[in-house]
Amino acid sequence: MLCVKGGTIFSAAGENEFIGDMLINDEGKIAEIGQNLLNRAGIRFDETADQIIDAKGLFVFPGFVEAHSHLGLAGYAVRFEGSDYNEMTDSLTPQLEAIDAFNPLDESVKKAALGGVTTVGTGPGSSNVLGGTFIAVKTAGMRVDDMVIKRKAAMKCAFGENPKFCYKEKDNSSRMSVAAKLRAMLVKTRMYVAKKEEAGDDLSKLPAYDEKLEALIPVINREIPLKAHAHRADDIFTALRIAREMNVLITLEHCTEGHLIAEYLAKENVPIAVGPSLGFPGKVELKNKTFDTPGILSKAGCKVSIITDAPVIPQEYLPLCAGLAVKSGMDRREALRAITINPARHLGVADRVGSLEKDKDADFVITDGDPFELETKILRVFINGKEVIN
């Protein structure tokens, strides 16, 4: 048993912070959390032992969560051809899985953890119309199989400039072809599923195995969402249109022009990941990029997560990006939720991470101040109740 005592706790589960205690059990879960907990629980700790962390005057936050990055796939300090987050041989690769490319020993993973980012959704990039399956993974460990929270978190798809540019010499040079290819794959999958169901146990009637269509079955069955890369307003609407036509779940990724259509997106009621908002608009569809977007969408009633799209912005700067959103008008509590509980819900892992609550994973960050401020130091980071050591 471990105790964090007397810190100002921002649980991301309620409206207000409070000074209190948190008990962590040997399974790496939060056993209890609340005010005057040690007195009420009647538990006695050796004050000189490592069992107790005196957090008086310090701040305790949930481990930060990123809804969309390429951490562990992009590679730290490698040439472009050394990266594993874009498959450039085929515009339709739904059969690819991030778990097969994630490198736990990549230096960027450790940097993320030390920066307080304890869970990330990571996976294929945006070159492909369909890129493959994202995972939700912790940022501490040696073997990805032991770090994964959710192996199939979402199916990546992309709209706009990226699939147009990357495949313009092959089979895809317009927004119309992007949409048509995605529709066709979803319709084929629905027909494939129908044939499998009709065949039942009769192997002779089963359709020929198709790894691409097999990978899309969880999408058709509404078990995982399409994770739709879309910057421009019209691309955002196209992504939503296809999701409604095909009756599949969807999350919006990047949503650069979301502030221009906030009232429409609020009515759609889908999770939105905004970013990377820091940096130069290097292509046409980014010309309206601004840190105003998260706050405008949040105030309109949208479910907003803030993202780095690492390595576009280094993963450890996720709280800085939230701070810049606050500077541009986003409510401070909403900004905290945008890097904790909202992305956890976005990824479908809020039962384990994203807030400090009883029975959740003991992923937490101890700081000496507001994590949105440059002067603040992250003092200690814990994942599954174990401290991340530099």
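Where does Pro276 lie? In this predicted model, Pro276 belongs to the loop between β12 and α9. The peptide bond leading into this proline, from Gly275 to Pro276, is cis, with omega near 0 degrees. A further cis peptide bond runs from Ala310 to Pro311, where omega is near 15 degrees. Pro311 sits in the loop between β13 and α10. These loops are a friendly way into the structure, and the description returns to them after a look at the chain as a whole.

The chain is made up of 12 helices and 16 strands. Along the principal axes, its C-alpha atoms fill a box of roughly 65 × 50 × 40 Å. The radius of gyration is 22 Å, which agrees with the value near 21 Å that a compact globule of 390 residues would have. Of these 390 residues, 55% count as buried. Contacts across the sequence add to this picture: among those between residues at least 6 apart, 68% join residues at least 24 apart.

Helix α9 spans residues 292–300, and its buried residues are Thr293, Pro294, Gly295, Leu297 and Ser298. What do the buried residues of α9 pack against? Their partners include three helices, namely α8 (262–268), α10 (318–327) and α11 (332–337). The strands β12 (271–274) and β13 (303–306) also pack against the buried residues of α9. After the helix comes Gly301, with a positive phi near 105 degrees. The two loops with cis peptide bonds can be placed against this setting: the loop holding Pro276 leads from β12 to α9, and the loop holding Pro311 lies between β13 and α10, with β12, β13 and α10 each being a packing partner of the buried part of α9.

Two residues other than glycine with positive phi are found in the loops on either side of α8. Cys255 occupies the loop between β11 (250–254) and α8, and its phi is near 50 degrees. Asn269 occupies the loop between α8 and β12, and its phi is near 55 degrees. Their surroundings can be told apart by accessibility. Cys255 is buried, because its relative accessibility is 0%, while Asn269 is partly exposed, because its relative accessible area is 48%.

Cys255 also enters the account of the cysteines. How many disulfides does the structure hold? The number is zero. For Cys157, the closest cysteine sulfur is that of Cys255, and at 13 Å the pair is too far apart for a bond. Cys157 counts as buried because its relative accessibility is 0%. Cys321 is likewise in no disulfide, as the nearest cysteine sulfur, again that of Cys255, is 16 Å away. Cys321 is buried as well, with a relative accessible area of 1%.

A separate packing arrangement involves helices α5 and α6. Helix α5 covers residues 175–199 and helix α6 covers residues 211–220; their axes are 9 Å apart and meet at an angle of about 90 degrees. The two helices are therefore roughly perpendicular to each other. On the α5 side, the contact is formed by Met185, Leu186, Lys188, Thr189, Arg190, Tyr192, Val193 and Lys196. On the α6 side, it is formed by Lys212, Leu213, Glu214, Leu216, Ile217, Val219 and Ile220. Sorted by class, this contact holds nine nonpolar residues, five charged residues and one polar residue.

Thr189 gives a local view of the same contact. This residue lies in helix α5 and counts as buried because its relative accessibility is 0%. Which residues does Thr189 touch, leaving aside those up to four places away in sequence? They are Leu213, Leu216, Ile217 and Ile220, each of which is among the α6 residues that meet α5.

Finally, Gln35 offers an example of two residues separated in sequence by more than a few places. Gln35 is located in the loop between β3 (30–34) and α1 (37–41). With a relative accessible area of 46%, Gln35 is partly exposed. Gln35 and Phe18 are 17 residues apart in sequence, and their C-alpha atoms are 7.5 Å apart in space.

Note on methods
Residues are numbered from 1 along each chain as its sequence is written. This is a predicted model: local features need pLDDT of at least 70, side-chain atom pairs count only at pLDDT 80 or more; totals for chains, interfaces and linings use all residues. Side-chain values use heavy atoms; hydrogens and water are left out. Axes are lines fitted to C-alpha atoms, for helices over the stretch in contact, and angles run from 0 to 180 degrees between N-to-C directions. Helices (H or I, at least four residues) and strands (E, at least two) are DSSP runs, numbered from the N terminus. Angles under 35 degrees count as roughly parallel, over 145 as roughly antiparallel, 65 to 115 as roughly perpendicular and the rest as oblique. Contact means heavy atoms within 4.5 Å. Ala, Val, Leu, Ile, Met, Phe, Trp, Tyr, Cys and Pro count as nonpolar, Asp, Glu, Lys and Arg as charged, and the others, Gly among them, as polar. A disulfide is a pair of cysteine sulfur atoms within 2.5 Å. Buried means under 20% relative accessible area, exposed over 50%, partly exposed in between (1.4 Å probe, protein chains only). The radius of gyration is taken over C-alpha atoms; the globule rule is 2.2 Å times the number of residues to the power 0.38.
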